[in-house]
Amino acid sequence: MDHPRDEPLPPDPVPDVWTGRATNRVQWALAATGAACVALGIELAVDLSWTSGTAALLMAVIGCVAAGLLVLFGTLAFVHVEITVDRHALEVRCGHMGVPRRRIPLDTVVGAEFAPWVTPRQWGGWGYRWLPEKGTAVVVRRGEGVVLTLGDGRSFTVTVDDAETAVRVIRHRMGLCARRDAGAPGGRPGPDGAAPGPPGPEDPGADDAPVPGPGPRA
């Protein structure tokens, strides 16, 4: 009696939509600093006397408010980053308002790699960064991330928790896109996006259909 062989377990199922994020709580402290600058500017405008040195006071008020708003919104935009991978694209949203935002179609991605250690120092700071020799990145904290290689040769890096799972999902979606693109012209892809195969013995083509012959003679 033959014993069944141990078959390998199937891979973990890939969800239709995968979502991940990365958070930096230090940004909240910087946002509080920006809010304090705005409050200082408002206090200067309300409490100080404007009878003398009006120009200097006005510049101080405008400077405090402008600097505070710049720091406040600049840090709140990168308190966290959220990544969504669906069947067609990878989308990156920053902050609570989702701005800056970028959507990358998966059919333009040629490679996805896991980066174990991404730091602001590598990219010249926090936030949405661009370096001519490295590409574009969204960096909100130190740690793991995903590096995409695009069809035009550029790269896109983003920090995200559980980046290894993100890479697995992206590669799976890239494989589906490649199989869809490899389908025969005019053919109808299968349910998983694969190209239709040749007809089997139980599904003869038009040329193999039986031709009716003459009936029996009376």
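This section describes the strands, sheets and nonpolar cores of a predicted model.

Two open sheets organise the description. The first holds 4 strands in the order E1-E2-E3-E4, with antiparallel pairing. Its edges are formed by E1 and strand E4 (101–105), each of which pairs on one side only. From one strand to its neighbour, this sheet turns by 15° on average, direction ignored. A good place to look at the register is the pairing of E1 with E2, which is antiparallel and extends over 6 bridges. Here Trp 18 has Val 85 in E2 as its bridge partner.

The second sheet is built from 5 strands in the order E5-E8-E9-E7-E6, and its pairing is mixed. E5 and E6 stand at the edges with a single partner strand each, so one side of each is left without a neighbour in the sheet. The twist averages 20° from one strand to the next.

It is worth walking through this mixed sheet pair by pair. At one edge, E5 and E8 run antiparallel and are joined by 7 bridges, with Glu 113 standing opposite Val 147 in E8. At the other edge, strand E6 (residues 127–131) pairs with E7 in the antiparallel sense over 5 bridges. These two strands, E6 and E7, form a hairpin with 3 residues between them. Parallel pairing is found between E7 and strand E9 (residues 155–159), over 3 bridges.

Ala 137 in E7 is a handy landmark for this part of the sheet. Arg 129 stands opposite Ala 137, and in E9 the bridge partner of Ala 137 is Thr 157. What makes strand E7 largely enclosed by the rest of the structure? The burial of its residues gives the reason: 5 of the 5 residues of E7 (residues 135–139) are buried, so the strand is largely enclosed.

Attention now turns to packing. In soluble globular proteins, nonpolar side chains tend to be buried together. The largest nonpolar core of this model has 28 residues, of which Val 92, Val 146, Leu 148 and Ile 170 touch the most other members. At least two residues of this core come from each of strand E1 (18–23), strand E2 (80–85), strand E3 (89–94), strand E5 (109–118), strand E8 (143–150), E9 and helix H4 (163–181). Helix H4 supplies the largest share, 7 residues. A second, separate core of 5 residues includes Ala 115, Val 118, Ala 137 and Val 139. The landmark residue Ala 137 thus appears again, this time as a member of that second core.

How does the helix sit relative to the strands? H4 lies across E5 and E8, and runs at about 175° to E5. The surroundings of Val 146 add residue-level detail. Leaving aside neighbours within four places in sequence, Val 146 is in contact with Glu 113, Phe 156, Thr 157, Val 158, Val 160, Ala 163, Ala 166, Val 167 and Ile 170. Glu 113, listed among these contacts, is the residue that stands opposite Val 147. Thr 157, also in contact with Val 146, is the bridge partner of Ala 137.

Aromatic rings complete the picture. The count of aromatic pairs comes to 0. Trp 123 nevertheless has a charged residue over its ring: Lys 134 lies over the face of Trp 123, at 4.6 Å from the ring centre.

Technical notes
Residues are numbered from 1 along each chain as its sequence is written. This is a predicted model: local features need pLDDT of at least 70, side-chain atom pairs count only at pLDDT 80 or more; totals for chains, interfaces and linings use all residues. Side-chain values use heavy atoms; hydrogens and water are left out. Buried means under 20% relative accessible area, exposed over 50%, partly exposed in between (1.4 Å probe, protein chains only). Two strands pair if DSSP finds at least two bridges between them. A nonpolar core is a set of buried Ala, Val, Leu, Ile, Met, Phe, Trp, Tyr and Cys residues joined through side-chain atoms within 4.5 Å. Contact means heavy atoms within 4.5 Å. Axes are lines fitted to C-alpha atoms, for helices over the stretch in contact, and angles run from 0 to 180 degrees between N-to-C directions. Rings of Phe, Tyr and Trp (its six-membered ring) pair if their centres lie within 6.5 Å; planes under 30 degrees apart count as stacked, over 60 as edge-to-face and the rest as tilted. A charge sits over a ring if NZ of Lys or CZ of Arg is within 6 Å of the ring centre and within 35 degrees of the ring normal.
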